[in-house]
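This report walks through a few parts of one structure for a reader who has not met it before. Please keep the sequence and the 3D view at hand while reading.

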Amino acid sequence: MALKLFNTLSRSIQDFAPLDPSGKKVGMYCCGPTVYDFAHIGNWRTFVFSDLVRRYLQFKGYAVTHVMNITDVEDKIIKGVRETKTTLREFTGKYEAAFLEDLQTLNCVRPHQMPHATEHIAEIIALIEKLVARGIAYQAADGSVYFSIEKYRGGGGTYGRLLKLNFDELRVGERVASDEYDKESLADFALWKARVPEDGEVFWPSPWGEGRPGWHIECSAMSMNMLGESFDLHLGGEDLKFPHHEDEIAQSEGATGKPFVKYWLHGAFLLVEGKKMSKSLGNFFTLRDLLAKGFTGREIRYLLLTAHYRETFNFTFDGLQGARAALARIDECLGKLREIAGAPGIAPARPKVQTKQEHAETALGAPNDLLNNFTAALDDDLNISAAWGEVFKWVTETNKRLAANSLSVNDAAAELMAWDKIDSVSGIGTPVETEAPPEIIALLESRQAARKAKDFKKSDAIRDALKVKGWAIEDTQKGPKLKRI
Ligand code: AMP
Ligand code: ZN
């Protein structure tokens, strides 16, 4: 079945067909982090979603080039540099390193290219020059260069592709210097911002004098530089539709006269306990905050991947506990299959040569159903919740077969092979043996003390408390061992 995706550009579900005439190659760009702080779980919802898109396209056999930029010069960054009295590189370097570490913690496949805006100033200037040459951009009295919405529209360009803009009702203002504004304050936006004293040492020379690029032009320049003037997929959170992505389309198509992107995909927002995340409400969490609370990257990834990307996702701590329990069910089933297949760890055993009857059973049996149903769900505009539904149906069925002792070595190996394919998309992998944090070790020690004092009620209560925190105690000959549940 063909993959269908909701394209914000057409506001409809469309069959996915890459621009590449051979239908093989796919270029995909995701707006990356602005490295002025640690990425929060809302950001991570969007980045994990883009990881799912990339993994699924690869699963479908496409040769994907995945680009995610690092926005390392922009209004909020300059403010941070000023306030922390650091250099641009020192300031952004810290958050970029944290971002890359978090990307790994969530088992996101690293994009093929991660261009930095500051390393593409020449391309950015060249793109602005094209717009100036075409009469769509102009230098204003403040020295900055702006994109003229009027000239763009006058030349046949449509401004308002991702959301409807009613120019009869909207009064287009003169100019907007800030990168972020809402559609009510629609105006010519800055491509090149002339140097002001608050910028400190953050500036580059240009044909229009010293200054720095606007945020929107950075993405146009980097995406076209890496993927060509027209490419297949562009992703980001829904907040980026306007003005960021609308401006990207106008700048790119204004400069090249060619369609910029074929499919625009936008992920809906993440709320925390039903509310917009905000520091003042105390419901603002970075990935690191959740790790410090004892949750794993795997649990967080799974939770972020449980809802359809176009649905607002309500993040809760109960949901995280639920993710832990769901993963435990999958892991238990996989563990038993591995025991039968005789394959410790992740890799399933290669099945021995099958008899005709065995082949018929495994070829028509559950593994194929699982893969077919999982694929059908994801082909349907990446319906991941339905895909997980298929996985849990399979877990239930497999558990029944395990209980009935009806799985041969080959059956188990075939199930594990199917699982590996599913996992190449979901990326939840296998639990990593982690070292227990000090709080957990302290609980184990008090449980040992309670046992020594023969206070079994207390020692059982501590065992239960550890279980709630996701740790099991295994009493071995060498003493108690902590295991992640
Ligand atoms: P930023 O670093 O602020 O440019 O954001 C990086 C990505 O995270 C963008 O694609 C945003 O749309 C996305 N994003 C920001 N806040 C949220 C949220 N609460 N839920 C989902 N995505 C978000
Ligand atoms: Zn962008």
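## Helix packing, sheet and zinc site

In this predicted model, the axes of helix α1 (residues 41-59) and helix α14 (residues 409-426) come within 7 Å and cross at roughly 140°. Because angles over 145 degrees would count as roughly antiparallel, the crossing at roughly 140° makes α1 oblique to α14. On the side of α1 the contact is made by L52, R55, Y56 and F59, while α14 brings K421, D423, S424 and V425 to it. Sorted by character, the residues of this contact between α1 and α14 comprise four nonpolar, one polar and three charged.

The strands offer a second view of the fold. Four of them form an open sheet in the order β4-β3-β10-β11, and their pairing is parallel. The edges are taken by β4 (63-68) and β11 (261-267), each of which has a single partner strand, so one side of each is left without a neighbour in the sheet. From one strand to the next, the twist of this sheet averages 20°. Within the sheet, β3 runs parallel to strand β10 (residues 231-237) and is joined to β10 by three bridges; C30, for instance, has L235 in β10 as its bridge partner.

Which protein donors does the zinc ion (ligand 2) have? They are C31, C219 and H244, and their donor atoms lie 2.0 to 2.2 Å from the zinc ion, as the table sets out.

| Donor residue | Donor atom | Range of donor distances to the zinc ion (ligand 2) |
|---|---|---|
| C31 | SG | 2.0 to 2.2 Å |
| C219 | SG | 2.0 to 2.2 Å |
| H244 | NE2 | 2.0 to 2.2 Å |

Along the sequence, the spacing of these donor residues is C-x187-C-x24-H. C31 lies in the loop between β3 (25-30) and α1, whereas H244 belongs to helix α7 (residues 241-256), so this pair ties together parts that are 213 residues apart in sequence. Both C31 and H244 are buried.

A last position to look at is L186, which lies in the loop between β7 (173-176) and β8 (187-194). Is L186 buried or exposed? With a relative accessible area of 1%, L186 is buried, because buried means under 20% relative accessible area. When its neighbours within four places in sequence are left aside, L186 is in contact with I149, Y159, L165, F167, L170, R171, V172, G173 and F242. The C-alpha atoms of L186 and A39, by contrast, are separated by 28 Å, and these two residues are 147 residues apart along the chain.

Terms used. Residues are numbered from 1 along each chain as its sequence is written. Chains are lettered from A and ligands numbered from 1 in the order in which they are written. This is a predicted model: local features need pLDDT of at least 70, side-chain atom pairs count only at pLDDT 80 or more; totals for chains, interfaces and linings use all residues. Side-chain values use heavy atoms; hydrogens and water are left out. Axes are lines fitted to C-alpha atoms, for helices over the stretch in contact, and angles run from 0 to 180 degrees between N-to-C directions. Helices (H or I, at least four residues) and strands (E, at least two) are DSSP runs, numbered from the N terminus. Angles under 35 degrees count as roughly parallel, over 145 as roughly antiparallel, 65 to 115 as roughly perpendicular and the rest as oblique. Contact means heavy atoms within 4.5 Å. Ala, Val, Leu, Ile, Met, Phe, Trp, Tyr, Cys and Pro count as nonpolar, Asp, Glu, Lys and Arg as charged, and the others, Gly among them, as polar. Donors are N, O and S atoms within 2.8 Å of the metal (3.2 Å for Na, K and Ca); water is not among the atoms, so sites may look incomplete. Buried means under 20% relative accessible area, exposed over 50%, partly exposed in between (1.4 Å probe, protein chains only). Two strands pair if DSSP finds at least two bridges between them.
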